[in-house]
Amino acid sequence: MTERESATDTGTAESVSSVYSSPAKSVGDPGITPLSPSHSLKDPDQNVAAGPLYMVVVAIDFGTTSSGYAYAFTKEPECVHTMRRWEGGDPGVSNQKTPTTILLTPEGKFHSFGYAARDFYHDLDPSESKHWLYLEKFKMTLHTTANLSVETELQAANGKRVKALDIFAYALQFFKEQALKELSDQTGSEFDNADVRWVITVPAIWKQPAKQFMRQAAYKSGLVTPDNPEQLIIALEPEAASIYCRKLRLHQMIDLSCKTAVNGCSPTENVGAGMTQGDRYVVVDCGGGTVDLTVHQIRMPEGHLKELYKASGGPYGSIGIDYEFEKLLCKIFGADFIEQFKIKRPAAWVDLMIAFESRKRAAAPDRTNPLNINLPFSFIDYYKKYRGHSVEHALRKSNVDFVKWSSQGMLRMNPDAMNALFKPTIDHIIQHLSELFQRAEVSNIKFLFLVGGFAESPLLQQAVQNMLQGRCRIIIPHDVGLTILKGAVLFGLDPSVIKVRRSPLTYGVGVLNRFVEGKHPAEKLLLKDGTRWCTDVFDTFISADQSVALGETVKRSYTPAKPSQLVIIINIYCAEQDEVVFITDPGVRKCGTLRLDLTGTESPAARREIQTIMQFGDTEIRALAVDVATQKSVKANIDFLNN
């Protein structure tokens, strides 16, 4: 017996007195014995086993506002192909991606995705459209839902609710079919899904449940199977952008510091004549839903990347501007009317937001002429029926400055009014950047790469320039909207390129330690077989913002209470702070379970030792386990979604 025992759930080692009630033992939980805790570090420059060789890597950038895929054949890793241009598309908007919109039939079956979904929905008769299920901008649900699970639901435009897992699976299945069809056309024969390594991008600030949800959706869509999880890699969006940005040639970018495109330079020259050993840079990924920041350092000669500070950011994407526009409409026409209009005329609401989207892209700091936004006829008509007076009357009465009515059926927005819609979102981003640049880990930054669709906004570009005051060079790739997609393909070709990451949270389990008078609180004292134990002690696996090398593992050994026991379930706790003493400390919460399935690994040993190996250096946390006596593999599964 070692000096400590772990307090966990459902059948593990010797029973603990049921008199004492503790969060670690809330399910009548017996103790379990961790033996030989250890932390092992692989040589971070060792290559991690690549697994089976795939013919092609296909990355899916599943965005809040738009999505797409790109691919590269493993024999030609330098040649990244972006998907065919989509049918449909909006004037003035690149259609190398398609809107993240999905349409289901009234029976809830998949109908179409992207421009096709939007156009079909738009053309439906209003009496029909209210029965169809149309969803857009739904990705953020995975970030904002507190207790995300496979049962989490989304609301369609007509107010009906559908399972989020089904919607994400339908979308991934759509991209799978599109990509395989294009690959079959390219190669001239039916392309086998088994030859594809898939990569799905997610924001770096997403927590483990959201990443696991994406993986579950991929399994449900048939993209990959749970029997072969290695076929799917979850890539972090700003990391993907970072991998792409460090390879940029000077002719592929705009240097905001010079305010002009850096052309006329040698196309073989890399950013700033190449990043050198120790160069530090920040990637600011400004998407539709989130803004994600990562800080990387180049390690030569291979050009591997090291994360210097844990990924940060927040829900400050460009859809924040759409919400501000909606708030403005509520102020002018009344929140009750807008709510009713969205439900009764869902297709017209989509139309109105498309009209706003194109004008939003025209906003710029030096703009002087107004921006006109078409109001759909059904908006004007329904408002008159609902209120008994005209839209024009509502505008006059609202006292909203800078928004006027045009006799051509348009809202005329003064540039200041449009810029005001951007302000709250941009202010959030600038505040976050300012805080980041004050940290010691973020000193001596050479470049700031501005990527993602929102990075195209001149208002955001100017705000970033004003904040940085020339402290580092601000670089915007030319194909800013495809940066993540192309970087995700490169990451899929070599997932070991990022050698060191930072843990976003502190992870651990609850254990029993020998009670020490004066050190441990009296209420944590537990007497068991004459021994005095301190309950609820937090046994840290990894701390928040700790550097974790690729392949770095944390080992713990557990022993079952009875030789016949087939399942060990261990609660995993997490916290944002790096110093945690007890699992009852403020900010500590149960976030997952580690399940060890001993079926089929019977052992003659009287006291079995199951060694568990957890990997924290990747984009997902993984667990492996082995029976020490027989060296047989034990099924180990970490679940952050259904705990």
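The exercises below, each with a worked solution, concern a predicted model of one chain.

**Exercise 1.** State how many helices and strands the chain has, and what share of its residues is buried.

Solution. Begin with the secondary structure: the chain has 14 helices and 34 strands. Next take burial, where residues count as buried under 20% relative accessible area. On that cut-off, 56% of the 643 residues are buried. Then turn to the surface: about 27,100 Å² is accessible, and carbon and sulfur atoms hold 50% of this area. Last, consider contacts with a separation of 6 or more: 69% of them join residues 24 or more positions apart.

**Exercise 2.** Find which residues of helix α13 are buried and what covers them.

Solution. Helix α13 spans residues 458-468. Going along the helix, the buried residues are L459, L460, Q461, A463, V464, M467 and L468. In an α-helix, residues three or four places apart point the same way, because there are 3.6 residues a turn. L460, V464 and M467 are among the buried residues of α13. The cover over the buried residues includes β16 (280-286), α12 (415-437), β22 (445-451) and β23 (473-477). Just past the end of α13, Q469 has a positive phi of about 50 degrees.

**Exercise 3.** Work out which strands pair with β7 and how its side chains are placed.

Solution. Strand β7 covers residues 101-104. T101 and L103 point one way, I102 and L104 the other way, and all are buried. With β9 (residues 133-136), β7 runs antiparallel through 4 bridges, and T101 is opposite E136. With β8 (residues 110-113), β7 is also antiparallel, through 3 bridges; here L103 has S112 as its bridge partner. The β7-β8 hairpin has 5 residues between the strands, and G108 takes a positive phi near 90 degrees.

**Exercise 4.** Describe the cavities of the structure and the residues that line them.

Solution. Rolling a probe the size of a water molecule over the atoms shows where empty space is left. A search of the whole structure gives 2 cavities of 30 Å³ or more. The largest has a volume of about 220 Å³. It is lined by 19 residues, of which K211, R501, R502, P504 and D618 are the closest to its centre. By class, this lining has 8 nonpolar, 4 polar and 7 charged residues. At least two lining residues come from each of α5 (208-221), β18 (304-314) and β24 (498-502).

The second largest cavity holds about 30 Å³. Its lining consists of Y507, F541, I572, M614, F616, I621, I638 and F640. Sorted by class, that lining has 8 nonpolar, no polar and no charged residues.

How values were computed:
Residues numbered from 1 in each chain as written. Predicted model: local features only at pLDDT ≥ 70, side-chain atom pairs only at ≥ 80, totals over all residues. Heavy atoms only, no water. 1 Å grid on protein atoms, 1.4 Å probe; cavity = no way out; pocket = protein on both sides within 12 Å on 5 of 7 lines; lining within 4 Å. Points joined across faces, edges and corners; volume = space filled by probe spheres on them. Nonpolar A, V, L, I, M, F, W, Y, C, P; charged D, E, K, R; others polar. Buried < 20%, exposed > 50% of the residue type's maximum accessible area, 1.4 Å probe, protein only. Contact = heavy atoms within 4.5 Å. Areas by Shrake-Rupley, 256 points an atom, 1.4 Å probe, with all protein chains shown as cover. Pairing = 2+ DSSP bridges.
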